[in-house]
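This briefing deals with a ligand site, the domains around it and the enclosed space in the protein. Please read it alongside the sequence and the structure shown here.

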Amino acid sequence: MKLAIKNTFINNLPADSNLENTRRQVENAAYSFVNPKQTKNPKVLHVSLEMAIELGISKEETQSEFFKNIFTGNQVYPNTKPYAMCYAGHQFGNWAGQLGDGRAINLFEVEHQQKNWKVQLKGAGETPYSRTADGLAVLRSSIREYLCSEAMFHLGIPTTRALSLSVSGDDVLRDVLYDGNPAYEKGAIVSRIAPSFLRFGSFEIFAARNDHKNLKVLADYTINHHFSHLGKPSKETYINFFKEVVARTLDLIIHWQRVGFVHGVMNTDNMSILGLTIDYGPYGWLEDFDYSWTPNTTDRQNRRYRYGNQPNIGLWNLYQLANALYPLIEEVAPLEAILNQYKIDFETKSLQMMKSKLGLYMNDKEDVKLIQDLEDCLQLTETDMTIFFRNLSDFEGTNFFEILENAFYTTAEVSKDIKEKWEKWFQNYDDRLQKESLNQLQRKEKMDAVNPKYVLRNYMAQLAIDAADNGDYSLINELFQLLKKPYSEQPKYEKWFAKRPEWARNKVGCSMLSCSS
Ligand code: AMP
Ligand code: MG
């Protein structure tokens, strides 16, 4: 396995001069050099071949000892220097100061087919940023990150990628529910890939420390390497850079809303500067359509990161980024104008997205109302979001009750009143469809391309985790294969096009997740 190594990050950004792996505040630096931890008995469980090929790694090479050793941190690739990145962040609305890669270690950058990829291990041991934790990851959270990042990619949603999932052979102590009952779990390592792992918090840390010199170095690096189409760094370019980050963040969140993905921990350290979905922790997928739902038990009180609040939080986080970039721009007006535009663009893009889910392409002044009415109806009783929208493309004017029956969690409690509301909505929808020029089949094709049939429902990931804990890794592969074609009919996998089973309603890992990973 010969990789085309090219290190732009460590060559252009300031390194921590302290080479010891001790927890500390790291100043005047974007990263610290640190090597991954040796593991007892590493074993690669799964590899994303699509991702390997992107890096110039062949299928045979992924099966080698060398591959295993590199991507479980047991060997450092020749002439490379692994490092952990320094960043800060606002967590749950509060300034948290320095955070950094506490359980991630960047190995190197690979350049293949004109693309530059940063390769990182998650769960490969402590770093100067590990604070009070161990730098390790458990199998359950690693399976969730591995499956979901590739699933998101195949859904066409910007995301960091995953190359491999491995167990370390070491045990890791975790208190899953934070209730004073820690237990040992299998340790695991995911290799993650992205053009950049820079976060809003990477900029915030320099701004908070009044280190404007390094803030500029970082902004210039980011622009030169990831936003070079904006031109040479200048005050105007910084403004345009911010504008593009805002646009990308909004696009990302609109995608999340479209498929019912709830990130769960939208802290500014978990916001990618490239607008990628990053840091898969206690995320979840909406089952019944509910704006107030969050999978993250740590956030159960305030529900700050609930489904319906993701667009607002995106904006809140962008305000923090604006504050961080301000020293480079020194003008409030352009930043404010861009932030105000987010709200306007959200309305337009959100409407467009919802219309696409309904198969509406013409403009009609009643569309906003039609969509609001639908959202109200969807929340009258537990209605499965994925199933409802997927089956909606089969609507032919009269068969609406069939669509609903398949999507309702219980039909027993659906009152006459609710049925009438739905009937009225479908009548309006039917009338509205008459204004479109596409026929049902043409419409279905377009709708099915935006309403996924298969998503990584919380209970599906949990089934794969339970099996893996018992040494059976086959379900990981089955879900991985399934989620490569989320918009296609896959008759052999039809059983995964199903509502959440009742046993999963209140099960830990299915509807309740913590940050403990
Ligand atoms: P998160 O919100 O889960 O992305 O993590 C917030 C911060 O906690 C980041 O700085 C992580 O690197 C750090 N962190 C989380 N889990 C661990 C762990 N097991 N060991 C060390 N640091 C961790
Ligand atoms: Mg994080």
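A polar contact is taken here as a pair of N or O atoms within 3.5 Å. The model is predicted, and with that cut-off in mind the account begins at ligand 1, where a polar backbone atom of G100 lies 2.6 Å from an oxygen atom of the ligand.

**Contacts of ligand 1**
- There are 16 residues around ligand 1, and those that come nearest are G100, G102, R103, R131 and G135.
- R103 places a polar side-chain atom 2.9 Å from an oxygen atom of ligand 1, whereas G135 uses a polar backbone atom, which is 2.7 Å from a nitrogen atom of the ligand.
- Ligand 1 exposes 480 Å² when taken alone, and the protein buries 86% of that area.

**Setting of the ligand site**
- The place that ligand 1 occupies is the largest pocket.
- By residue class, the shell around ligand 1 comprises seven charged, six polar and three nonpolar residues.
- Both domain 1 (5-200) and domain 2 (210-356) contribute to the shell around ligand 1, with at least three residues drawn from each.

**Domains**
- The domain assignment of the chain lists domain 1 (5-200) and domain 2 (210-356), followed by domain 3 (361-437) and domain 4 (458-504).
- Taken over C-alpha atoms, the centres of domain 1 and domain 3 are separated by 43 Å.

**Enclosed space**
- Rolling a probe the size of a water molecule over the atoms reveals where empty space remains.
- The count of cavities of 30 Å³ or more comes to five, and the largest cavity holds about 70 Å³ of space.
- The largest cavity is lined by 13 residues, of which T39, G123, L136, S168 and D170 are the closest to its centre.

Notes
Residues are numbered from 1 along each chain as its sequence is written. Chains are lettered from A and ligands numbered from 1 in the order in which they are written. This is a predicted model: local features need pLDDT of at least 70, side-chain atom pairs count only at pLDDT 80 or more; totals for chains, interfaces and linings use all residues. Side-chain values use heavy atoms; hydrogens and water are left out. A residue is near a molecule or strand if one of its heavy atoms lies within 4 Å of it. A polar contact is a pair of N or O atoms within 3.5 Å; within protein, one must be able to donate a hydrogen and the other to accept it, and residues adjacent in sequence count only if both atoms are side-chain atoms. Accessible areas come from the Shrake-Rupley method with a 1.4 Å probe; for residues, only the protein chains shown count as cover. On a 1 Å grid over the protein atoms alone, a cavity is a set of points where a 1.4 Å probe fits but cannot get out, and a pocket is an open set with protein on both sides within 12 Å along at least five of seven lines; lining residues have an atom within 4 Å of a point. A molecule sits in a cavity or pocket if more than half of its atoms lie within 2 Å of its grid points. Ala, Val, Leu, Ile, Met, Phe, Trp, Tyr, Cys and Pro count as nonpolar, Asp, Glu, Lys and Arg as charged, and the others, Gly among them, as polar. Domain bounds come from an automatic or database domain assignment. Grid points are joined across faces, edges and corners, and a volume is the space filled by probe spheres set on the points.
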